[in-house]
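Trainee: I've got a new model open on my screen and I'd like to talk it through. Can you take me round it step by step?

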Amino acid sequence: MNAPRLDVIGLVVSDMAASLAFYRRLGLDLPPGAEDAPHVEADLPGGMRIAWDTEEVIRSFDPGWTRPEGGDRIGLAFRCGTPEEVDATYESLVAAGHAGHLKPWDAFWGQRYAVVLDPDGSGVSLFAPNAP
């Protein structure tokens with residue numbers, strides 16, 4: 001028997017259109033016209049997939065589901081090409097109305113790092129290796 005293989009990263013969202021717009025700004029190729037769909041999937045580089053489900057979809061098969069509170073349960077991190085791209089991407093997202101959580105800084109582990117919140121308040125990290 002083979003071990004299970006991680007295949008899909010799933011996000012539960014309160015506003016599909018807002019969430020898809022946010023992740024499109026981060027370069028994900030999402031199906032056009034998907035904003036009104038209750039479930040959306042997209043292929044990621046390397047063979048994985050990412051999926052979005054509305055809260056209503058989750059409640060349709062798990063009626064007791066409630067929105068998590070008290071902080072992130074999972075984190076997504078997007079690698080940028082350069083430290084300057086971290087800053088530019090962060091500023092672009094904040095200028096588009098998304099909440100910045102941690103402004104770009106030079107992290108002690110050798111990366112330019114920042115965190116912005118997606119429309120559901122989940123932290124999304126932006127990073128790039130600092131120049132050697």
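**A walk through the model**

Mentor: Sure. The protein's secondary structure adds up to 3 helices and 7 strands. Keep in mind that this is a predicted model.

Trainee: In what order do the elements run from the N terminus on?

Mentor: Helices and strands are both there, 3 of the one and 7 of the other. Starting at the N terminus, the order is β-α-β-β-α-β-α-β-β-β.

Trainee: What share of the residues is buried?

Mentor: Buried here means under 20% relative accessible area. The protein has 132 residues, and its C-alpha atoms fill a box of roughly 50 × 45 × 35 Å along the principal axes. Of those residues, the buried share is 35%.

Trainee: On to the pockets. Which strand gives the most to the lining of the largest pocket?

Mentor: That pocket has a volume of about 460 Å³. It is lined by 23 residues, and Val12, Pro68, Arg73, Asp120 and Ser122 lie nearest its centre. By class, the lining has 8 nonpolar, 8 polar and 7 charged residues. The top contributor, with 4 residues, is strand β1 (residues 8-13).

Trainee: And how many nonpolar residues does the lining of the second largest pocket have?

Mentor: The volume of this one is about 160 Å³. Its lining consists of Ile9, Leu28, Leu44, Ile50, Leu76, Ala77 and Phe78, and strand β4 (residues 76-79) supplies the largest share, 3 residues. There are no polar and no charged residues in that lining, and the nonpolar count is 7.

Trainee: Now charges. Which residue pairs with Asp7 in a salt bridge, N to O at 2.2 Å?

Mentor: The structure holds 8 salt bridges. In this one, Asp7 sits in the segment before β1 and its partner is in strand β3, 42 residues apart, so the pair links distant parts of the chain. The partner is partly exposed, at a relative accessible area of 26%. It is Arg49.

Trainee: Helix α2 has a salt bridge too. Which residue meets Arg59 there?

Mentor: The two lie 4 residues apart in helix α2, about one turn of the helix. Arg59 counts as partly exposed at 35% relative accessibility, whereas its partner is buried at 6%. Their side chains meet at 3.9 Å, N to O, and the partner is Glu55.

Trainee: Where does Arg67, the other partner of Glu55, lie?

Mentor: The side chains of Glu55 and Arg67 form a salt bridge at 2.7 Å, N to O. The pair links distant parts of the chain, 12 residues apart, with Glu55 in helix α2 and Arg67 in the loop between α2 and β4. Arg67 is partly exposed, because its relative accessible area is 48%. So the place to look, for a residue with that 48%, is the loop between α2 and β4.

Trainee: Which side chain makes a polar contact with that of Asp53?

Mentor: Asp53 is in strand β3 (residues 49-54). Asp53 is buried yet has no salt bridge, and the nearest side chain of opposite charge, Arg49, is 10 Å away. A salt bridge needs the two atoms within 4 Å. The polar contact, at 2.5 Å, is with His39.

Trainee: Is Ile58 buried or exposed?

Mentor: Ile58 is in helix α2 (residues 55-61). Along the chain it is 46 residues from Val12, yet the C-alpha atoms of Ile58 and Val12 are separated by 7.6 Å. Its relative accessible area is 10%, so Ile58 counts as buried.

Trainee: Last one. Which backbone nitrogen lies 3.0 Å from a polar atom of the Asp15 side chain?

Mentor: Asp15 lies in the loop between β1 and α1 (16-25), and at 39% relative accessibility Asp15 is partly exposed. The Asp15 side chain reaches the backbone nitrogen of Ala17 at 3.2 Å. The backbone nitrogen at 3.0 Å belongs to Ala18.

Definitions and conventions:
Residues numbered from 1 in each chain as written. Predicted model: local features only at pLDDT ≥ 70, side-chain atom pairs only at ≥ 80, totals over all residues. Heavy atoms only, no water. 1 Å grid on protein atoms, 1.4 Å probe; cavity = no way out; pocket = protein on both sides within 12 Å on 5 of 7 lines; lining within 4 Å. Points joined across faces, edges and corners; volume = space filled by probe spheres on them. Nonpolar A, V, L, I, M, F, W, Y, C, P; charged D, E, K, R; others polar. Buried < 20%, exposed > 50% of the residue type's maximum accessible area, 1.4 Å probe, protein only. Lys, Arg positive; Asp, Glu negative; His and termini not counted. Polar contact = N/O pair within 3.5 Å; in protein donor to acceptor, adjacent residues only side chain to side chain.
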